[in-house]
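Student: Hey, can we go through this structure together? I'd like to poke around and ask things as we go.
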Amino acid sequence: MDYVLKTDGLTKQYGKHTVVDHVNMKVKKGDIYGFIGKNGAGKTTFMRMVAGLAFPVEGSMELFGSKDLEKQRVRIGSLIEQPGIYGNMTARENMEVMRKSLGITEKHAVEEILEFVKLSNTGKKKVKNFSMGMKQRLGIALALFTNPDFLILDEPINGLDPAGIKEIRDLLLELNQEKQITILISSHILGELSKIATRYGIIKDGVLMEEFEQEELEQRCRRCQKLIVDDVNRASAILEEKCHIFNYDVPQTGILRVFEGLDSTWNINKELILGGIKIKESYLAGQDLEGYFMDLLGGEKNA
Amino acid sequence: MLNMLHGEFYKLKKSRSFYISILIAMGLILLLYATLHMVDNIHEEEQSGNTRIVVKGEEEVVLDEEGNVVPISQQVGIMGIVQQMFDSHFTEFIIAIFISIFVTAEFGNGAIKNVVGKGYSRRTVFLSKLIAAVFVTIIMSLAIIMIIIVLGIPFLGKKGLEMLVWKDLSIYTGIQMIFGISFTGIITLVGEFTRSLAASISINLGILMFSTSITAGLDLLFHNLNWKASQYWVLDFQSACPITNFDQTFIIRGIIVSVIWFLITTVIGVMHFKKADVK
């Protein structure tokens, strides 16, 4: 398996306060890794350590399978917290500063990237007069210099209007699908994140609670009829023979989750009762992604 | 490193604050010349008896070879104005504010993370910022001297230029630049430590305004021990630097003190930035 990022017990402390606590994260090549956590959970600090802006007190990491981080960071583009831009310059001038600082000789690179992030027609407009979305896109443009293989984005859609969010979402999907850039992205807008992420990591109080794939998340959030019965085996047989339902599973002893025929649950209940099954509970379950994440993070709204 | 400097110089070219700083310096110099010119006018009117202004006290009158009174503006001359701009740290004030805006602000506003995050070593990043600041010091010092000379022509006339001792002016400029570069190391270090534009400007201006008073106090305090703090402080050398009749001991000592201060601040800055988290 090709990993772009692998951390081993990465820890950061400020004084006695542990902000990131022994995080073992694996980001596979091609992933759009959605990094989720409440305010102060440690997302930004973790990303800053990966980008080389902060130093861990413990633990190690590998970038592109190498421990020579300084060398590998050339392959990373990052936009962490606010984009580092000069307000009194135009977008093109900001890009020129970066091009010269990175020693990129191809002058057309500036135009190409600006075109890609749809900022090529901003002319002499100073960056301080840009909208939030434009600033974010310029931040992404700066991160895209040197054609990174791995993009680290911290809350890139924060404060954007719906149109701005869609623009950034489309841009990230394009980068991932067309340029094969692996992306580590954190966001508070979980619904949006779930539209692009292929893998998730949940961080709480500095601890990486869980990592899972998009498919697994969909499975967990899938709408179903949940049945708590006295005999799962007999109930399963009735479902198949009488109701012709085969799409179900048994997540725990005594519990059945039925994923089809959800508009006629009364029929399932009827057949099971007629078959002599004692139904202790029967209800429709499943939630949206936002609700699921909220449950995981402890039920508060500020994920 | 060269790439980084390339980027810094591009920023400098595009920096509006650079041109504003030069304009402020120009305004200050103009004010100095105008004040001298005004004083001369008052004296002239006083001598011709056409003034209502009463000047108390005796003033030493300097006469030329033909017995004419030499105007104060000519007594001070271009060299005097140059000395005034450096001795009183006017030049350093302007440089400190501009460097704080140009270099220091980047430590705080996030722009520095663009290059740190691209794998440049921390040492390279800090040194490139320091070199850019040194470059700014040299350019601004030279620009200020040029402005003094150019503005001196309409105020002092041809005589002003004739009185200029180019050799002394060049030596003085060189020495002051060494002191200035040394202080630039301190400005950059303060900026790296504070990571805040306001704090950096306040601390640097505070150092410029009060440090020589503190060293003077320390000189008095330790006079019995025959130890002078002012002999180890670069701004004291800047204030005490003569513009003619250079004392070799003073120059050598000044250069050594400047180099030591510059090296110390550079090493501390690199060491601190190597371990510091970037915003």
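Tutor: Sure. Keep in mind that this is a predicted model. Let's start with a charge and a ring: the charged end of Arg75(A) sits over the ring of Phe64(A), 3.8 Å from the ring centre.

Student: Cool. And which ring does the charged end of Lys179(A) sit over?

Tutor: That would be the ring of Phe116(A), and the charged end of Lys179(A) is 4.4 Å from the centre of that ring.

Student: Ok, zooming out. How many helices and strands are there in chain A?

Tutor: Chain A has eleven helices and 14 strands. Its C-alpha atoms fill a box of roughly 80 × 45 × 35 Å along the principal axes.

Student: And what share of the residues in chain A is buried?

Tutor: Buried residues are 52% of the 303 in chain A. On the outside, chain A exposes about 14,100 Å², with 47% of that supplied by carbon and sulfur atoms.

Student: What about contacts in chain A between residues that are 24 or more positions apart?

Tutor: They account for 68% of the contacts with a separation of 6 or more.

Student: Let's do the sheet. In what order do the six strands come?

Tutor: The order is E6-E7-E8-E4-E9-E10 in chain A, an open sheet with mixed pairing. Strands E6 (76-79) and E10 (207-213) of chain A stand at the edges with a single partner strand each, so one side of each has no neighbour in the sheet. On average, neighbouring strands here are turned by 15° against each other, ignoring direction.

Student: What actually holds strands together in a sheet?

Tutor: In general, strands of a sheet pair through backbone hydrogen bonds, and they can be parallel or antiparallel.

Student: So do E7 and E8 of chain A run parallel or antiparallel?

Tutor: Parallel: five bridges join E7 (residues 150-154) to E8 (residues 182-186) in chain A. For one of the details, Phe150(A) has Thr182(A) as its bridge partner in E8(A).

Student: Which helices lie across those strands?

Tutor: One of them is helix H1 (residues 43-51) of chain A, which lies across E4 (32-36), E6, E7, E8 and E9 (199-204) and runs at about 150° to E7(A). Helix H5 (residues 132-143) of chain A lies across E6 and E7, at about 160° to E6(A).

Student: Why is H1(A) described as largely enclosed?

Tutor: Because eight of its nine residues are buried, H1(A) is largely enclosed by the rest of the structure. The buried residues include Phe46(A), Met47(A), Met49(A) and Val50(A), and Lys43(A) and Arg48(A) are on the list too.

Student: What comes right after H1(A)?

Tutor: Gly52(A) follows H1(A), and its phi is positive, near 85°.

Student: What sign does phi usually have, then?

Tutor: Most residues other than glycine have a negative phi. Glu155(A) has a positive one, near 50°, and is not a glycine. Glu155(A) is in the loop between E7 and helix H6 (162-178) of chain A, and it counts as buried at 12% relative accessibility.

Student: Where does His89(B) lie?

Tutor: His89(B) is in the loop between H3 and helix H4 (90-109) of chain B. Its phi is positive as well, near 65°, and His89(B) is buried, with a relative accessible area of 4%.

Student: New topic: how many aromatic pairs are there?

Tutor: Searching the whole structure gives 15 over all chains. In one of them, the rings of Phe86(B) and Tyr172(B) have centres 6.1 Å apart and planes at 85°, so the pair is edge-to-face. Phe86(B) is in helix H3 (residues 72-87) and Tyr172(B) in helix H7 (residues 166-194) of chain B, so this pair ties together parts 86 residues apart in sequence.

Student: Are those two buried or exposed?

Tutor: Both count as buried: Phe86(B) is at 2% relative accessibility and Tyr172(B) at 0%. There's also a cluster linked by ring pairs, made of Phe18(B), Tyr19(B), Phe98(B) and Phe102(B).

Student: Last one: what is Ile186(B) in contact with?

Tutor: Setting aside neighbours within four places in sequence, the contacts of Ile186(B) include Asn204(B), Ile207(B), Trp233(B) and Trp261(B). Ile186(B) is in helix H7 of chain B and counts as buried at 7% relative accessibility.

How values were computed: Residues numbered from 1 in each chain as written. Chains lettered and ligands numbered in written order. Predicted model: local features only at pLDDT ≥ 70, side-chain atom pairs only at ≥ 80, totals over all residues. Heavy atoms only, no water. Pairing = 2+ DSSP bridges. Helix = DSSP H or I, 4+ residues; strand = E, 2+ residues; numbered from the N terminus. Axes fitted to C-alpha atoms, helices over the stretch in contact; angles between N-to-C directions. Contact = heavy atoms within 4.5 Å. Phe/Tyr/Trp six-rings, centres within 6.5 Å; stacked < 30°, edge-to-face > 60°. Buried < 20%, exposed > 50% of the residue type's maximum accessible area, 1.4 Å probe, protein only. Lys NZ or Arg CZ within 6 Å of the ring centre and 35° of its normal. Areas by Shrake-Rupley, 256 points an atom, 1.4 Å probe, with all protein chains shown as cover.
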